[in-house]
Amino acid sequence: ISMLTTQLKPDGGEILLDGDSVLQDPITARSRIGVVAQHNNLDRSLTARENLLFHARYFGMDPVEAEKKADEYLEKFGLTQWQDDYVRGFSGGMAQRLKIARAMMHTPEILFLDEPTTGLDPNYREILWENMLELNRKGTTIFLTTHYMEEAQNLCNRVALMDHGKLEEVSTPQALIESLGAYAVDEMTADGTQNHYFHTRQEAIRYLEELTGQASLRETTLEDVFVERAGKHLISK
């Protein structure tokens, strides 16, 4: 992500944005992207509103449009009553919401979200994804990193499973799930839960009926795929 967002120069390979080299013209690339980093990189000497307006000015937004967008996002993320407070006093969740609002201010072509829902309560997590999906429908590409597999499964068009910096697999969430098996039987044994995967519900039911111990049938999730593919590699290492 640091390479894709021009913060770290790679020692090889290419990064292209619509066919143009990011490395050759990083300034132009930065004007087309938005980033929500894991760490708190808000300007602690500014208020919440000033953080948004400073960001808008940096990206050359019209001042009137910037004020309008600031009002909109402060309200959406529940920060209106704290808009004139300095962000150094914000909780982790409040800072995270402001970071997300700031990254959305200039309607970037590509929005990088590095574990954006960490520290958010369920209500604001839903609000975040509503706004992200709205941006996506309007043409913004969203690049998400997350440890919450349900987020990737429910929201993403394509998923990349990574292990030690290597791409294990890249495909759609449904294709990854179906490659493992759409249905799972969880069998409780003396050694713990054993997971068995099947491509059809009928196959899973037949297997379940032959078992004598405790077991259950469910749909396979993307988390199952991660544990079976990348997760077991991590455990073995």
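Is Phe112 buried or exposed, and what is its relative accessible area? In this model, which is a predicted one, Phe112 is buried, with a relative accessible area of 6%, and I would like to begin with the ring that it meets.

The partner is Phe143: the two ring centres lie 5.2 Å apart and the planes stand at 40°, so the pair is tilted. What interests me here is the separation along the chain, since Phe112 belongs to strand β4 while Phe143 belongs to strand β5, residues 141–145, and the two are 31 residues apart, so that the pair links distant parts of the chain. Phe143 itself has a relative accessibility of 34% and therefore counts as partly exposed.

By the rule used here there are three aromatic pairs, and another of them is formed by Tyr58 and Phe59, whose ring centres are 5.1 Å apart and whose planes meet at 80°, so this pair is edge-to-face. Tyr58 is exposed, at a relative accessible area of 60%, whereas Phe59, at 22%, is partly exposed.

Let me turn now to helix α4, which covers residues 92–104, and which with its 13 residues reaches 19 Å from the first C-alpha to the last, close to the 18 Å expected at 1.5 Å a residue. This helix is mostly covered, in that twelve of its 13 residues are buried, and among those buried residues are the charged or polar names Gln96, Arg97, Lys99 and Arg102, as well as Met94, Leu98 and Ile100. As for what surrounds them, the buried residues of α4 pack against β3 (33–36), α2 (48–58), α3 (63–76), β4 (110–114) and α5 (122–137).

One of those buried residues, Arg97, also takes part in a contact between a charge and a ring, for its charged end sits over the ring of Tyr124, 3.8 Å from the ring centre. A second arrangement of this kind has Arg125 over the face of Tyr148, at 4.6 Å from the centre of the ring.

Finally, a word on the backbone, where most residues other than glycine have a negative phi. Asp18, although it is not a glycine, has a positive phi of about 55°; Asp18 is placed in the loop between β1 (16–17) and β2 (20–21), and it counts as exposed because its relative accessibility is 63%. Glu115, again a residue other than glycine, has a positive phi near 50°, and Glu115 is found in the loop between β4 and α5.

Key
Residues are numbered from 1 along each chain as its sequence is written. This is a predicted model: local features need pLDDT of at least 70, side-chain atom pairs count only at pLDDT 80 or more; totals for chains, interfaces and linings use all residues. Side-chain values use heavy atoms; hydrogens and water are left out. Helices (H or I, at least four residues) and strands (E, at least two) are DSSP runs, numbered from the N terminus. The expected span of a helix is 1.5 Å times one less than its number of residues. Buried means under 20% relative accessible area, exposed over 50%, partly exposed in between (1.4 Å probe, protein chains only). Contact means heavy atoms within 4.5 Å. Rings of Phe, Tyr and Trp (its six-membered ring) pair if their centres lie within 6.5 Å; planes under 30 degrees apart count as stacked, over 60 as edge-to-face and the rest as tilted. A charge sits over a ring if NZ of Lys or CZ of Arg is within 6 Å of the ring centre and within 35 degrees of the ring normal.
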